[in-house]
Amino acid sequence: MGVLLKLFDSVLFVSFFVHAMAPPLIGAQLLLPGALFPDVLIDFKEMYIRLSGDYLMAETPPFFVGLLWLELLLQWPLTVFNLYAIWAAKSWLHTTCLIYGVSLFSAMAAIAAELIGSQRASGVLLKLYLPFLGLGVLATLRGLMPRCSKATATGDTVGPSIAGKKKV
């Protein structure tokens with residue numbers, strides 16, 4: 001079980017690291033005034049839209065703007081917390097991963113439904129968005145995995161045993 005957790009954590013760490021950059025640098029450009037961002041970031045966003053055909057970022061429909069706010073205000077901080085929790089082996093990683101995974105999967109389900117249902121998405125655009133569905137599932141599964149501590153792995157008990165408790 002420990003190897004599986006390390007594998008999950010490694011994949012999630014790389015994914016979280018990449019995902020930690022996009023919301024404040026790219027997604028926030030659709031929500032905040034353009035004067036707050038350097039020209040190089042604005043040019044990068046425009047080049048991405050042009051090369052990928054991302055009509056959601058180009059047209060910014062209201063549901064997408066709402067999902068961008070969700071990403072910036074909830075998912076992005078959780079991404080940063082998860083990076084720290086994996087790096088420092090914090091016990092609360094399960095909770096933050098579960099919240100992040102369910103939130104990301106829910107948001108990506110709405111986006112995937114739009115992309116597939118509208119039939120406007122190119123293959124490139126689907127390949128860019130759909131892996132985030134998998135990331136949501138992976139983060140949710142990591143949040144649901146049992147905690148594995150050194151004490152329980154060696155057979156030691158954590159906390160008082162039943163025999164040591166006072167009887168009332």
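The secondary structure of this predicted model consists of nine helices and zero strands. Read from the N terminus, the elements follow the order α-α-α-α-α-α-α-α-α. The chain has 168 residues, of which 35% count as buried. Contacts across the sequence are a good place to begin when looking at how the helices come together: among contacts in the chain with a separation of 6 or more, 72% link residues 24 or more positions apart.

A word on confidence is helpful before turning to details. The chain has a mean pLDDT of 89, and 88% of its residues reach 70 or more. Residues 151–159 are a stretch to view with this in mind, since pLDDT stays under 50 there. For this stretch, the model has four contacts beyond four places in sequence.

The largest pocket comes next, with a volume of about 730 Å³. Its lining is made up of 26 residues, and the closest to the pocket centre are H19, A22, Y48, E71 and F132. Several helices take part: α1 (2–19), α2 (22–25), α3 (39–52), α5 (62–88), α6 (93–118), α7 (123–129) and α8 (131–144) each give two or more residues to the lining. Helix α5 provides the largest share, with five residues. In chemical character, the lining of the largest pocket divides into 21 nonpolar residues, four polar residues and one charged residue.

Two individual residues give a closer view of the fold. Q29 is found in the loop that runs between α2 and α3. Is this glutamine, Q29, buried or exposed? Its relative accessible area is 9%, and because buried means under 20%, Q29 counts as buried. The side chain of Q29 comes to 2.7 Å from the backbone oxygen of L25. Leaving aside residues up to four places away in sequence, Q29 also touches F37, L41, I42 and K45.

S106, for its part, sits in helix α6, which is also one of the helices that give two or more residues to the lining of the largest pocket. The relative accessibility of S106 is 45%, so this serine counts as partly exposed, the class that lies between buried, under 20%, and exposed, over 50%. Where S106 stands relative to L133 can be described in two ways: the two residues are 27 residues apart in sequence, while their C-alpha atoms are 8.5 Å apart in space.

Note on methods
Residues numbered from 1 in each chain as written. Predicted model: local features only at pLDDT ≥ 70, side-chain atom pairs only at ≥ 80, totals over all residues. Heavy atoms only, no water. pLDDT = per-residue confidence, 0-100. Contact = heavy atoms within 4.5 Å. 1 Å grid on protein atoms, 1.4 Å probe; cavity = no way out; pocket = protein on both sides within 12 Å on 5 of 7 lines; lining within 4 Å. Points joined across faces, edges and corners; volume = space filled by probe spheres on them. Helix = DSSP H or I, 4+ residues; strand = E, 2+ residues; numbered from the N terminus. Nonpolar A, V, L, I, M, F, W, Y, C, P; charged D, E, K, R; others polar. Buried < 20%, exposed > 50% of the residue type's maximum accessible area, 1.4 Å probe, protein only. Polar contact = N/O pair within 3.5 Å; in protein donor to acceptor, adjacent residues only side chain to side chain.
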